[in-house]
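Visitor: I have a model open and want to learn how to read it. Where should we start?

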Amino acid sequence: MSTLLTTKDVATLIATRTLPRCLEDLAGRIRADFLRWPEFEKSARLASHSKQGVIELMPVADADFYSFKYVNGHPQNPHIGLPTVMALGVLADVATGIPLLVSELTLTTALRTAAMSAVAAQALARPGARSMALIGNGAQSEFQALAFHHLLGINDIRAYDLDPAATRKLVANLARVPGLRLRPCASAAEATRGADIVTTVTADKAYATILTADMVEDGMHLNAVGGDCPGKTELHRDVLLRASTFVEYEPQTRIEGDIQQMPADYPVTELWRVLAGQAPGRRDAGEVTLFDSVGFALEDYSALRYLADSARELGLGQPAGLIPDLADPRDLYALVEASRTVGVQGEVAVPARDSHALCA
Ligand SMILES: NC(=O)c1ccc[n+]([C@@H]2O[C@H](COP(=O)([O-])OP(=O)(O)OC[C@H]3O[C@@H](n4cnc5c(N)ncnc54)[C@H](O)[C@@H]3O)[C@@H](O)[C@H]2O)c1
């Protein structure tokens, strides 16, 4: 009844479809779902904070589908061999509550965050932008670089990370992408000088100052991805005073975004309104625009529906085995009886109805 997609399945999906195509498809799905914004039941995500990081639940629903993501953020994890961000998610049928898909979302989060950044930049960056500073060269960085290359035509990326090994990894991973030039930089200031777009995607559970106002030039678009939690920011507040700021879901971004540093009346525009033509985006070539990205549940809903459709089309995934498949839905006890008679070695002989039916 439910399909399970592992990280290997999603990697196979990306290899089959190609990464540029997946980024383009996801950007299209996200844009289409943002245009249906009023149809969704939305809430700020539920966060559980600890000294080391945060664990969050991100639900959203429309009339047909309910989804949620489980995601963490532990910036010190790479020191013990774990990713900073790990995630999984569920897509369920609203009419019955059946969880149709249970999927890995670690790789998928990197894809959907990059696609979301590209959707925002397409609406807000200066047309003809060709260069980008990429500050923070960890797990998300290749996906950000490729989304801006393939969806916006960025061909010149200046990369900086506190840890030169991260920059070496990024440059090596993308060395063979045709038409994309990556230049390692010795500082964030060097990376940002003259760039059309600046992406900050660092991880530190602190009020960090990755960008100061003196690094911001007229007409830049800022894509601030790493400031996404209370007490975890990347921009000096003077940068926010200089920029026109666009957000995903305002009630969540007020708590989690770089704008947590600003008073409650600091003006922001929800991006869906720009996409829908209800609010202006960039007003002129000299304006500094900021996408204060924190990651919103709707992006994961879009991604989960894309995964469900793609898995069905490509024959990926396996039965999750998480929901009892019963001949008589009121006879749950039959499972206990069957396993008692068969024991731990054998199969549970409960007559099954159709199984592994991924959402229509
Ligand atoms: N907005 C969203 O939707 C979204 C989605 C996913 C991840 N994120 C955030 O993006 C950030 C990056 O995630 P990741 O998975 O790439 O983490 P990661 O740990 O793999 O990489 C982070 C990199 O930032 C570097 N860094 C830390 N402080 C720095 C500084 N002051 N200057 C330059 N580099 C610095 C680290 O050395 C590391 O290489 C995290 O903060 C994460 O929470 C946001």
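Guide: We will go through domains, ligand shell, sheets and hairpins in turn.

Guide: One caution applies throughout: this is a predicted model.

Visitor: Which domains does the assignment give?

Guide: The domain assignment lists domain 1 (3-107 + 299-319), domain 2 (126-295) and domain 3 (329-360). The centres of domain 1 and domain 2, taken over C-alpha atoms, are 22 Å apart.

Visitor: How many residues does each side put into that contact?

Guide: A common way to size an interface is the accessible area lost when the parts come together. Here we count residues instead. Domain 1 gives 20 residues and domain 2 gives 19 residues. On the side of domain 1, helix 2 (residues 19-34) has the largest share, with 7 residues. By class, that side of domain 1 holds 12 nonpolar, 3 polar and 5 charged residues.

Visitor: Why does the ligand lie between domain 1 and domain 2?

Guide: Ask who supplies the shell. Both domain 1 and domain 2 give residues to the shell around the ligand, so the ligand lies between them.

Visitor: How many residues surround the ligand, and which are the closest?

Guide: The ligand is surrounded by 30 residues. The closest are Thr 84, Gly 138, Ala 139, Gln 140 and Gly 295. Sorted by class, the shell has 13 nonpolar, 13 polar and 4 charged residues. Helix 3 (106-124) and strand 11 (207-211) each contribute at least two residues to this shell.

Visitor: Now the open sheet. What is the order of its strands?

Guide: Read the strand order from one edge to the other. The open sheet has 8 strands, ordered 9-8-7-10-12-16-14-15, with parallel pairing. Strand 9 (181-184) and strand 15 (268-270) stand at the edges. Each has a single partner strand, so one side of each lacks a neighbour in the sheet. From one strand to the next, the twist averages 20°.

Visitor: Which strands of the sheet does helix 3 touch?

Guide: Helix 3 packs on the sheet and touches strand 10, strand 12, strand 14 (244-247) and strand 16 (289-292). The direction of helix 3 makes about 160° with that of strand 12.

Visitor: How many bridges join strand 10 to strand 12?

Guide: Strand 10 (residues 197-200) and strand 12 (residues 221-224) run parallel and are joined by 4 bridges. As one marker, Thr 200 stands opposite Ala 224 in strand 12.

Visitor: What about strand 6: is it mostly covered or open?

Guide: Two things are worth reading in a strand: its burial and its partners. In a regular strand the side chains alternate between the two faces of the sheet. Strand 6 (residues 99-104) is mostly covered, with 6 of its 6 residues buried. Strand 1 (residues 3-5) runs parallel to strand 6, with 3 bridges. Strand 5 (residues 87-93) runs antiparallel to strand 6, with 5 bridges.

Visitor: In strand 6, which residue is the bridge partner of Leu 5?

Guide: That partner is Ser 103. Ser 103 is also the bridge partner of Gly 89.

Visitor: Which residue takes a positive phi in the hairpin of strand 5 and strand 6?

Guide: Gly 97 does, with phi near 85°. That hairpin has 5 residues between the strands.

Visitor: How many residues lie between strand 3 and strand 4 in their hairpin?

Guide: There are 3 residues between them. Strand 3 (residues 54-61) and strand 4 (residues 65-73) run antiparallel, joined by 8 bridges. Ala 61 stands opposite Tyr 66 in strand 4. Strand 4 also runs antiparallel to strand 5, with 7 bridges. There, Tyr 70 stands opposite Leu 88.

Methods:
Residues are numbered from 1 along each chain as its sequence is written. This is a predicted model: local features need pLDDT of at least 70, side-chain atom pairs count only at pLDDT 80 or more; totals for chains, interfaces and linings use all residues. A residue is buried if 20 or more other C-beta atoms lie within 10 Å of its own, exposed if 12 or fewer, and partly exposed in between; C-beta atoms are placed from the backbone. Two strands pair if DSSP finds at least two bridges between them. A residue is near a molecule or strand if its C-beta atom, placed from the backbone, lies within 6 Å of it. Ala, Val, Leu, Ile, Met, Phe, Trp, Tyr, Cys and Pro count as nonpolar, Asp, Glu, Lys and Arg as charged, and the others, Gly among them, as polar. Domain bounds come from an automatic or database domain assignment. Axes are lines fitted to C-alpha atoms, for helices over the stretch in contact, and angles run from 0 to 180 degrees between N-to-C directions. Two residues are in contact if their C-beta atoms, placed from the backbone, lie within 7 Å.
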